[in-house]
Amino acid sequence: MNSVIELKSVDKEFKVLNRHEGLKGSFRDLFSRDYKIVEAVKNVSMTIEAGTIVGYLGPNGAGKSTTIKMMTGVLQPTRGEILVNGRVPYKNRTSNAQNIGVVFGQRSQLWWSLPLIESFKLLKDIYKISDKDYKDMLALYESLVDIKELYSKPVRQMSLGQRTLSDILAAFLHNPPIVFLDEPTIGLDVSMKAKIRDLIKALNKEKNTTVILTTHDMGDVDALCERIIIIDKGTMLYDNDIEHLRNFFGAYRTLKIRTNKNTEVVSEEEANEQLEIIKSKVASKFPDNDFIYGTEEGWYSILLDDSKIHLMKVLSFLQEQMTIYDVRLEEISTESVIKKIYEDSERMKKQEKAEVSHES
Amino acid sequence: MRVRAWFSLTRASIMEFLQFRLSALVMFLGNIIYLIVIYNLWKAIFASVDNGIVNGMSFNDTMIYLVLASAQFTFMEAYLVWEMGRSIQSGRIVLELLKPIPIEQYKLFGIEGGNIAAFVVTFIPTFIIVQVITKGAIPMGINLVYYLVAATLGMLINFSIDFLIGTVCLYTESTWGINIMKQVVVLFLSGAVVPLAFFPDKLRALALFLPFQAIYNTPLTFLTSNELTTMNSIKMLGVQAIWVVVLFVLAKLFWHLSERVITVNGG
């Protein structure tokens with residue numbers, strides 16, 4: 001169909017030198033041939049249709065950047081097939097570059113000491129953008145954000161937010177079918193984040209650009225992504241649309257209680273202590289359930305599956321055990337869903353390991 | 001056409017150079033200090049001989065040569081090895097690889113503008129000052145055109161060597177040692193620090209056989225020598241041109257082989 005990116009059981013392995021400890025070890029490393037293979041990406045497959053915004057999520061070191069680098073052609077997959085715009089990216093990196101745009105978090109592709117407009121002019125010539133397309137694009141930019149006043153500002157004098165904004169505009173300038181955004185909102189304030197999300201959404205709509213977005217900010221996911229792919233330790237955990245994600249965990253609710261009258265008197269240690277008490281009490285009463293606990297600003301939260309154990313049961317049990325001053329119920333947020341997915345896969349791996357060691 | 005991108009990159013690098021006025025000034029001052037040092041050093045050397053001629057060069061010849069050599073250094077040295085090493089270490093290289101232009105072209109035109117700007121800002125004034133002080137010791141004629149061609153070719157040779165060495169940074173992940181080594185070897189064997197005439201015969205023969213002398217010695221010869229025939233001049237430029245082709249192709253090849261280090265084993 002109309003797929004712009006296709007990955008078929010892609011693996012990526014890195015050869016890493018086994019480092020030894022201490023001064024003696026460092027000398028040994030100089031001549032060492034002792035390599036170990038690290039699997040950064042394992043058997044990842046996906047097909048991405050034109051015009052979608054895909055959220056590519058995972059904890060730090062999960063293999064997100066490695067996958068993106070393979071899609072841009074900077075890295076060659078160890079096994080498997082990748083097609084981007086119908087091309088094998090690492091074999092045709094230079095021609096592939098014409099059809100993608102990239103923003104890599106903290107690194108800027110703009111010319112540091114020159115006014116922004118000079119960078120745009122340079123990119124116009126580097127990407128061979130016609131005068132008309134260039135003008136139209138700038139007109140579109142100007143209608144979306146207040147970029148005009150930044151044109152004459154040297155990039156090095158910009159705030160992080162202004163620079164990120166400029167970098168995103170630079171990545172879209174040659175109107176590529178695909179844009180990769182690697183943590184675009186990292187370190188930005190709330191209003192700038194909102195601005196950047198609106199911009200990405202608008203550009204995606206206007207130009208039907210496929211956007212692959214990696215982020216740790218669930219606000220980005222909620223605001224932008226139609227589809228979510230979750231990866232951890234190189235393996236894919238989840239790939240579906242965002243509605244599915246919420247339905248999948250739809251029965252999950254968060255129960256929040258407060259056991260102190262005044263939230264300000266609770267120190268962090270006290271809160272953790274109290275949480276431990278709640279934990280042990282609930283766990284002993286309902287042993288077969290896996291709850292996720294948390295504490296924040298004097299609130300203690302329990303995430304539970306409403307279809308397995310009724311939330312009211314837990315609440316009434318807690319009420320018998322301690323004085324509760326305030327109660328809140330919350331539908332599960334994307335953030336806790338994703339946290340749950342990470343933790344489930346973690347637990348499954350541990351169980352597998354335990355089983356293996358039992359057998360042997 | 002890619003020419004537009006080349007032109008655009010050159011233009012941007014000229015603008016970038018001009019942004020840093022202060023750094024140009026510091027470079028100029030540093031150069032003056034260097035000149036004071038070599039002035040006194042060579043004065044002492046020439047004081048130790050009777051007839052004032054060493055290896056066929058008078059004190060004046062030597063000073064003119066060295067002043068012009070240091071002026072040429074200020075516009076020719078673009079610190080590309082540093083730049084590449086940093087960009088590899090910081091991972092910025094990824095963004096450069098993702099431009100629809102081969103990286104060697106991207107780098108060449110990205111620094112060449114700075115060279116041109118520095119030529120105008122530092123070399124031309126130095127040239128004029130030398131000419132005024134020595135009351136016209138530098139021959140003025142067709143040799144100036146030869147010089148411009150030779151300096152351009154020398155710049156390309158210098159770039160190719162830098163690019164070649166910069167590529168080594170992909171393997172070593174460190175820049176400092178490699179850069180210092182390259183600097184010492186290139187500056188010495190190119191005749192930028194000591195004129196080749198002062199080299200012992202065997203070393204000079206070796207230096208003339210290597211590409212480095214084509215960076216400094218060849219262009220500077222056009223400015224300092226009075227006895228060049230057209231035939232000789234063209235021969236010298238021809239040798240330079242051959243080195244440009246050989247080294248540029250070599251640099252390109254080596255980069256493409258080494259690129260696998262990144263694409264296979266990541267950055």
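**Close-up 1. Lys8(A) finds its bridge partner in β4(A).** The bridge partner of Lys8(A) in β4(A) is Glu81(A). The model shown here, and in every view below, is predicted. Strand β4 covers residues 79-84 of chain A, and five bridges join it to β1(A). The two strands run antiparallel. β1(A) also pairs with a second strand, β2 (residues 35-49) of chain A. Eleven bridges join β1, residues 3-17, to β2(A), again in the antiparallel sense. Look for Leu7(A): Met46(A) stands opposite in β2(A). Strands of a sheet pair through backbone hydrogen bonds, either parallel or antiparallel.

**Close-up 2. Glu6(A) sits in strand β1 of chain A.** Is Glu6(A) buried or exposed? Neither word fits fully: Glu6(A) is partly exposed, because 17 other C-beta atoms lie within 10 Å, and a residue counts as buried at 20 or more and as exposed at 12 or fewer. Which residues does Glu6(A) touch, leaving out those up to four places away in sequence? They are Thr47(A) and Leu83(A). Ile147(A) is another matter. Its C-alpha atom and that of Glu6(A) are separated by 35 Å. Along the chain, the two residues are 141 residues apart.

**Close-up 3. Six strands of chain A form an open sheet.** The order is β5-β6-β7-β3-β8-β9, and the pairing is mixed. Which strands form the edges? They are β5 (100-104) and β9 (235-241) of chain A, each pairing on one side only. From one strand to the next, the twist averages 15°. Now pick out β6 (residues 178-182) and β7 (residues 210-214) of chain A. These strands pair in the parallel sense over five bridges. Phe180(A) stands opposite Ile212(A) in β7(A).

**Close-up 4. Helices lie across the six-stranded sheet of chain A.** Start with α2, residues 64-72 of chain A. This helix lies across β3 (53-57), β5, β6, β7 and β8 (227-232) of chain A. Its direction is at about 155° to β6(A). Next comes α6(A), which lies across β5 and β6 of chain A. α6(A) runs at about 165° to β5(A).

**Close-up 5. Helices α6(A) and α7(A) come within 10 Å of each other, axis to axis.** Helix α6 spans residues 160-172 of chain A, and α7 spans residues 190-207. The axes cross at roughly 10°. α6(A) is therefore roughly parallel to α7(A), since angles under 35 degrees count that way. Which residues make the contact? From α6(A) come Gly161(A), Thr164(A), Leu165(A), Ile168(A) and Phe172(A). From α7(A) come Met192(A), Ile196(A), Leu199(A), Ile200(A) and Leu203(A). The residues of this contact divide into eight nonpolar, two polar and no charged.

**Close-up 6. Four strands of chain A form an open antiparallel sheet.** Follow the order β11-β12-β10-β13. The edge strands, β11 (292-296) and β13 (326-331) of chain A, each pair on one side only. The twist averages 20° from one strand to the next. Five bridges join β11(A) to β12 (residues 299-305) of chain A, and the two run antiparallel. Glu296(A) has Trp299(A) as its bridge partner in β12(A).

**Close-up 7. Helices α10(A) and α11(A) meet the four-stranded sheet.** Helix α10 (residues 268-285) of chain A lies across β11 and β12 of chain A. It runs at about 155° to β11(A). Helix α11 (residues 311-321) of chain A packs on the sheet. This helix touches β10 (252-258), β12 and β13 of chain A. The directions of α11(A) and β10(A) make an angle of about 15°.

**Close-up 8. Chain B meets chain A.** How many residues does each chain bring to the contact? Chain B gives 23 residues and chain A gives 26 residues. On the side of chain B, the elements giving two or more residues are α1 (3-19), α5 (93-97) and α11 (230-265) of chain B. α1(B) gives the most, with eight residues. The residues on this side of chain B divide into 13 nonpolar, six polar and four charged.

How values were computed: Residues are numbered from 1 along each chain as its sequence is written. Chains are lettered from A and ligands numbered from 1 in the order in which they are written. This is a predicted model: local features need pLDDT of at least 70, side-chain atom pairs count only at pLDDT 80 or more; totals for chains, interfaces and linings use all residues. Two residues are in contact if their C-beta atoms, placed from the backbone, lie within 7 Å. Ala, Val, Leu, Ile, Met, Phe, Trp, Tyr, Cys and Pro count as nonpolar, Asp, Glu, Lys and Arg as charged, and the others, Gly among them, as polar. Two strands pair if DSSP finds at least two bridges between them. Axes are lines fitted to C-alpha atoms, for helices over the stretch in contact, and angles run from 0 to 180 degrees between N-to-C directions. Angles under 35 degrees count as roughly parallel, over 145 as roughly antiparallel, 65 to 115 as roughly perpendicular and the rest as oblique.
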